[in-house]
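Visitor: I would like to learn how to read a fold with some care, one feature at a time. Could we begin with the model itself?

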Amino acid sequence: MDLYIYYQVPCQQAQHLQARVAAMQAALTVRTGVVTELKRRPENKEGRHTWMEVYHDIPDEFDAILAQAVIQAQLASLIQGARHTEYFLDVSSCA
């Protein structure tokens with residue numbers, strides 16, 4: 001199962017967010033072996049960008065590990081609004 005998390009960040013916080021998430025994801029990869037991605041929509045809306053964290057083939061205990069990592073990275077101080085979480089299965093594994 002893959003995990004997708006998206007949220008809004010003020011454009012002026014982009015470099016700070018990117019650095020914190022990159023460090024967090026690198027540590028998560030070392031700890032869990034999960035392959036990660038960080039994406040951002042190209043357009044800004046009202047001074048904010050939408051960012052997306054992607055985690056591929058997550059293990060069962062990953063949600064708790066990620067929640068702690070987000071706290072340690074202090075991401076909440078850079079994000080406006082909620083972190084929206086969605087899970088997707090590969091179609092080939094559903095058949």
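Guide: Before we look at any loop, we need to know what bounds it: helices (H or I, at least four residues) and strands (E, at least two) are DSSP runs, numbered from the N terminus. With these labels, aspartate 57 can be placed in the loop between β3 and α2. Please keep in mind throughout that this is a predicted model.

Visitor: How many strands form the open sheet, and in what order?

Guide: The sheet is open and is built from 4 strands in the order β2-β3-β1-β4, with antiparallel pairing. Its edges are β2 (35-40) and β4 (80-88), each of which pairs on one side only. On average, and with direction ignored, neighbouring strands in this sheet are turned by 15 degrees against each other.

Visitor: Over how many bridges do β1 and β3 pair?

Guide: β1 and β3 pair over 8 bridges in the antiparallel sense, and one such pairing joins valine 9 to its bridge partner in β3, histidine 49. Strand β1, which covers residues 2-10, also pairs with β4 in the antiparallel sense, here over 6 bridges. On that side, tyrosine 4 has glutamate 86 of β4 as its bridge partner, while isoleucine 5 stands opposite threonine 85 in β4.

Visitor: Which strands does helix α1 lie across?

Guide: Helix α1 (residues 14-32) lies across β1, β2 and β3 (48-56), and it runs at about 5 degrees to β3. Helix α2 (residues 62-73), by comparison, lies across β1, β3 and β4, running at about 20 degrees to β1.

Visitor: At what angle do α1 and α2 pack?

Guide: The angle between α1 and α2 is about 145 degrees, and their axes are 10 Å apart; the crossing is right-handed. From α1, the contact is made by Arg20, Met24, Leu28, Arg31 and Thr32, and from α2 by Phe62, Ile65, Leu66, Ala69, Val70 and Ala73. Sorted by class, this contact of α1 with α2 has 8 nonpolar, 1 polar and 2 charged residues.

Visitor: Which residues have the most contacts inside the largest nonpolar core?

Guide: The general idea comes first: in soluble globular proteins, nonpolar side chains tend to be buried together. In this model the largest nonpolar core has 22 residues, and those with the most contacts inside it are Leu17, Met24, Tyr55 and Leu66. The elements β1, α1, β3 and α2 each give two or more residues to this core, and α2 gives the most, with 6 residues. Leucine 66 serves well as an example, since, leaving aside its neighbours within four places in sequence, it is in contact with Leu3, Ile5, Met24, Leu28, Glu53, Tyr55 and Arg83.

Visitor: Is lysine 45 buried or exposed?

Guide: The cut-off to apply is that exposed means over 50% relative accessible area. Lysine 45 has a relative accessible area of 53%, and is therefore exposed; its place is in the loop between β2 and β3. Although lysine 45 and tyrosine 55 are 10 residues apart in sequence, their C-alpha atoms are 25 Å apart in space.

Visitor: What is the value of phi in glutamate 46?

Guide: Phi of glutamate 46 is near 55 degrees, which is a positive value in a residue other than glycine. Glutamate 46 also has its place in the loop between β2 and β3, and it counts as exposed because its relative accessibility is 71%. Aspartate 57, with which we began, has phi near 50 degrees, likewise a positive value in a residue other than glycine, and with a relative accessible area of 60% aspartate 57 is exposed.

How values were computed. Residues numbered from 1 in each chain as written. Predicted model: local features only at pLDDT ≥ 70, side-chain atom pairs only at ≥ 80, totals over all residues. Heavy atoms only, no water. Pairing = 2+ DSSP bridges. Axes fitted to C-alpha atoms, helices over the stretch in contact; angles between N-to-C directions. Contact = heavy atoms within 4.5 Å. Core = buried A, V, L, I, M, F, W, Y, C linked by side-chain atoms within 4.5 Å. Buried < 20%, exposed > 50% of the residue type's maximum accessible area, 1.4 Å probe, protein only. Left-handed = near helix turned anticlockwise from the far one by under 90°. Nonpolar A, V, L, I, M, F, W, Y, C, P; charged D, E, K, R; others polar.
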